[in-house]
Amino acid sequence: MAAHLSYGKVNLNILREAARKDLREFLDKCAGSKAIVWDEYLTGPFGLIAQYSLLKEHEVEKMFTLKSGKLPNADVKNIIFFVRPRLELMDIIAKNVQSEDRLHSSRDFHILFVPRRSMLCEQRLKDQGVLGSFINMDEYILDLIPYDGDLLSMEYESAFRECYLENDQTSLYHTAKGLMTLQALYGTIPQIYGKGDCARHVANMMLRMKREFAGIQNQILPVFDTLLLLDRNVDLLTPLATQLTYEGLIDEIYGINNGYVKLPPEKFAQMKQGEASKDPPTEPKKLQLNSAEELYAEIRDKNFNAVGAALSKKAKIISAAFEERHNAKTVGEIKQFVSQLPHMQAARSSLANHTSIAELVKDITTSEAFFDSLTVEQEFMTGVDTDKVNTYIEDCIAQKDPLIKILRLVCMQSVCNNGLKQKVLDYYKREILQTYGYEHILTLHNLEKVGLLKPQTSSRNNYPTIRKTLKLWMEDANEQNPNDISYVYSGYAPLSIRLTQVLARPGWRSIEEVLKMLPGPHFEERQQLPSGLHKKRQQGENRTTLVFFLGGVTYAEISALRFLSQMEDSGMEYIIATTKLINGTTWIKTLMEGISWSPK
Amino acid sequence: MMRSKADEEEYWHSSKFKAFTFEDEDDELSRLKESKQAVNSIRQLVEEDDDDDDDDTEKVSWSGEPVGSISWSIKEMAGSNQKIDREPAFPRIPTEPSTLNKSHSGLSLSSLFRGKAKSENFQSFSDAFSDSVRIYAPELRKPKSEYKDYVCDWSPEETVQRLLQGKAVSLEKFRSLQDKLLLLDFAVAAHDGNVITAVLIYLKRSLRKEVLFRELQSRQTALRHFIHYLTESREQKLLLELLRALGRTEDMALLQYKEHLSITDENNKRDFLKSCLSLPFSAEDSAHVQDHYTLLERQIIVEVRNPFRSGLHWSTGCLMLRSCCQAADRQAERGGKVEIYQRFPRKASILNMPLITTLYYCCFYHYGEPEGTFSSPLNVRRTFKISEKQYFVTALAARAKLKAWSDVDALFTGRNWLGFTRKKSPLSFHRVVDVLQRNSAPTQVLQDYVALIDDAELRISLAQKLKCHDIVISTFRDMKDRQMLVAYRGKVEPGSAPERKIDDLLNNQQIRWKN
């Protein structure tokens, strides 16, 4: 099931197993048969940890989604609520419990908070008069969820909003806790680098938590050599740009949620040829995307323009494999061929799926609208005409294109110009409010607060300096056989990943000036290792860096890091951790007011 | 199944995949076709095996949920809620490859932090995996503070530590302001929002708000958490007081304004927005909020209220409505007497729609009305100072949608002065064509505007796309491009007027072709 987690340099399955163990333990604490009432949001992240079979082994007989009103009937001893610590959910739970008591008095109630208990929530339950009804309140510490062989995510969607808009640092506390767990399992990380205010906070908390355990040394040989903590607001530009990798585009167009994507079913309808008489399915086709699928692992990080060639190459290989049957003459050879059939069949269906997906994506990327919008993005990133009202944006507003698209572009222009001229900013705001509704004043304010949109304060625009020093724009990005990370955005090299790259070689000292232009402090800390745990490095052995993106990371950035890991002379392997996988759209959505952004 | 059997037969006997050819094409994406073909040709062979699922392939329901996953199971149960005894239809729950079990460390995350290993759980694995267990053995230790569990007299710092560990602790014994503030400072230093909030809840209960507000001023982090807490728990009144005390009047104004989002009744919302007008917004926002109020007020008048309605009978019809007063559109539509609402029934009420949508609506249903009426587009334009371009695009789209081509025409010619009839537009003509085309304007209408595009290349490409032959032909003529003209002849219908025109030009000896 989760074999792909252990393929990488760091076996992340250890973390998953630890999380499963914890879940079993909690379930066993509530003796007898049980029903789980799920905060629907959690089923996604939990799906990465466990399947129903695990719960069933521990006497979970029923599962429901959390809904207002009366709880469904279920003849079980325990009702357990699996919820995030959110006030609105407490109100629903309170209603559930209140309507229950009168009818049934024999069922026991429990709450499992994920990832932490919350005083605020307990207070709310108390105010509602139901706190006493709960036999047991516990927390399930699900900070870092193994998402793929080289990827950990907290699946904490509101982290950026909380940190930069609401100034609530709870997510940073969870981050630090998650990193402590990681160190308990994989050894103390000797070197910590960071850039940004949040990074500084997390490092401080980690060091303090370590002091609390002083006296007892972690005896595990460190797996990670370095931890790099990066604030998302150090690089606001990258998520705004349209990702051009295969996986990035799937996320941009269809949205990948907890490792799953929902696709329009039409292109997949032909798959079911055996049942041709059936009506074409209307339900979206849901697919799981991760490196467990060989073909996907091969193509996910490629620039989309190179995907066609890769699929075609794969098709040749599969065809050739099926051709082998002609050479199978003896019984032994036929047996050999047949034994490979399941694998070939899986490869075939994987190829079919990705061919269909690539076609869907291609329909979008070859459209005029996509091209126009990309052209404007690239103009902004290369610093062309960022100081005046852009006619394309104006036209998009006139056509009432989706507001988020407009906001992405306007924010990008602002970031690439180190703020917009007051006149330009006012013009955009006015057009947006008139076309999309005045209530978006609130959203525009939020974007200003987090720095995505701002009036130019000084006349000096330092973006060109940053761009040149860090080589953020590469003129002839090679999409087919990349030699630089800029291939992931067909020319733009993500700032965050350049910082990571420069840190590995030649070191941040070479870019002091630029680091000062970016927000927040940069720092280096060392954690003492007990003697004897110092690694004796083999010649040519790669170092391992854990890069933690506070406030989210895009798939294209991950692809860029994977590219660096694979470069022969890089000498560095990267493992990626983040609060949440984001793209420009999902990210901006979390900053908007008056719309519900948490996936239901 | 029979059919696929036959196909399979054919597959085995054919010597090669027929449909699958490899060509080196420049366009990488076109290769998608290849892989698709390959997939298709392989399909029949493997289709048969689909029912016979292999153990190492995960079983996935059509909706893509792996069978046995949590969300899948919840859905299943929703379907078969009543039958508890029945074994739920879990065909086969995929088992984990056995190699993975090696990573069972027998230790859970929480036990790491609780500092105790569950030795009984070790047993089942320890025989087989005793090696790996040692590798994964964590640091078994207790935080220093935990040794003090049985002492009851905790300092503020220790209290915060206990809170951090999620242990029960009473804050009530901290009576002095100094102690309370120490508690807060330690909580802030721990960065755990949960703990900070817990302390803040206690402080809110036990301190006068003037004191609390004052102390929070010098503690920005705690302050932010307090604001967040008040927002979450919807203690609007206290929050507004706090912001006022802090002098953060703009934030306060925005916060108050935000409340309108939760008001559903349009009249209440309008009154609420009116009350917002006096709030201390920035000059810029103040203007926007004013516009927001004016717009909603206007929409209510247009939609439901008709100030001049008394004495007017609905059956007097369209003309009367148009010329005399604002129509209360909801009633006009329901009455079914006004033609335009029957031809183009309204999709939704205009209430709470954005300004430009409202303008479009007015251009659609109330176009010719004199500027004095509230629903007249000109009135809307003037009241909200809509830019010329925005007004133009909106009016253009609305009239084109109604196929009111004379109105469309008038938009351009009406703008001239001194009787000069050349068409002028604040919008580039190719955008005009774009708008018209999206509203399915006929070729005759389109070509008038295509002809006005300045850029010859753009003009030709659009004209070709929209089949405005005359324009293509005359542009090539002006460019003296004989070759292009000859080439274009092949694209028009044989025997048609455009073909004759091309022939005339090609035979014309007067023209000095450049090629």
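**A walk through chains A and B**

With a relative accessibility of 64%, B:Lys385 counts as exposed, and this residue makes a convenient starting point in what is a predicted model. B:Lys385 is not a glycine, yet its backbone has a positive phi of about 50 degrees. The residue sits in the loop of chain B that runs between α19 (377–383) and α20 (388–401).

A residue of chain A offers a useful counterpart. A:Asn258, likewise not a glycine, has a positive phi of about 50 degrees, and it is found in the loop between the strands β10 (256–257) and β11 (260–263) of chain A. Is A:Asn258 buried or exposed? Its relative accessibility is 12%, and because the cut-off for a buried residue is under 20%, A:Asn258 counts as buried, whereas B:Lys385 counts as exposed.

From these two residues one can step back to chain B as a whole. Its secondary structure comes to 27 helices and zero strands, and the chain is divided into domain 1 (151–247), domain 2, which is made of the two stretches 253–306 and 327–386, and domain 3 (403–514). Taken over C-alpha atoms, the centres of domain 1 and domain 2 of chain B are separated by 45 Å. Of the 515 residues in chain B, 46% are buried, while the accessible surface of the chain comes to about 27300 Å², with 51% of that area belonging to carbon and sulfur atoms. When contacts in chain B between residues at least 6 apart in sequence are considered, 48% of them join residues at least 24 apart.

Two places in chain B show how its helices are arranged. The first is helix α21 (residues 405–413), where the buried residues are B:Val408, B:Leu411 and B:Phe412. Viewed down the axis of α21(B), these buried residues fall within an arc of 90 degrees, and therefore they line one face of the helix. The general geometry behind such a pattern is that an α-helix has 3.6 residues a turn, so residues three or four places apart point the same way. The cover over the buried residues of α21(B) includes α20, α22 (429–438) and α23 (443–450) of chain B.

The second place is the pair formed by helix α25 (residues 469–479) and helix α26 (residues 482–489) of chain B. Two packed helices are described by the angle between their axes and the distance between the axes. Here the axes come within 9 Å and cross at roughly 155 degrees, which means that α25(B) is roughly antiparallel to α26(B). On the side of α25(B), the residues that meet the partner helix are B:His469, B:Val472, B:Ile473 and B:Phe476, and on the side of α26(B) they are B:Met484, B:Leu485 and B:Tyr488.

Returning to chain A, one finds a division into domain 1 (3–142), domain 2 (285–366) and domain 3 (369–461), with the C-alpha centres of domain 1 and domain 2 lying 40 Å apart. Chain A also has cis peptide bonds to examine in its backbone. One of them joins A:Val114 and A:Pro115, with omega about 0 degrees, and A:Pro115 has its place in the loop between β4 (108–113) and α5 (119–127). Another is the peptide bond from A:Arg505 to A:Pro506, which is cis with omega near 5 degrees; A:Pro506 lies in the loop that separates α20 (495–504) from α21 (512–517) of chain A.

Conventions: Residues numbered from 1 in each chain as written. Chains lettered and ligands numbered in written order. Predicted model: local features only at pLDDT ≥ 70, side-chain atom pairs only at ≥ 80, totals over all residues. Heavy atoms only, no water. Domains from an automatic or database assignment. Helix = DSSP H or I, 4+ residues; strand = E, 2+ residues; numbered from the N terminus. Buried < 20%, exposed > 50% of the residue type's maximum accessible area, 1.4 Å probe, protein only. Contact = heavy atoms within 4.5 Å. Areas by Shrake-Rupley, 256 points an atom, 1.4 Å probe, with all protein chains shown as cover. Arc of directions from axis to C-beta. Axes fitted to C-alpha atoms, helices over the stretch in contact; angles between N-to-C directions. Parallel < 35°, antiparallel > 145°, perpendicular 65-115°, else oblique.
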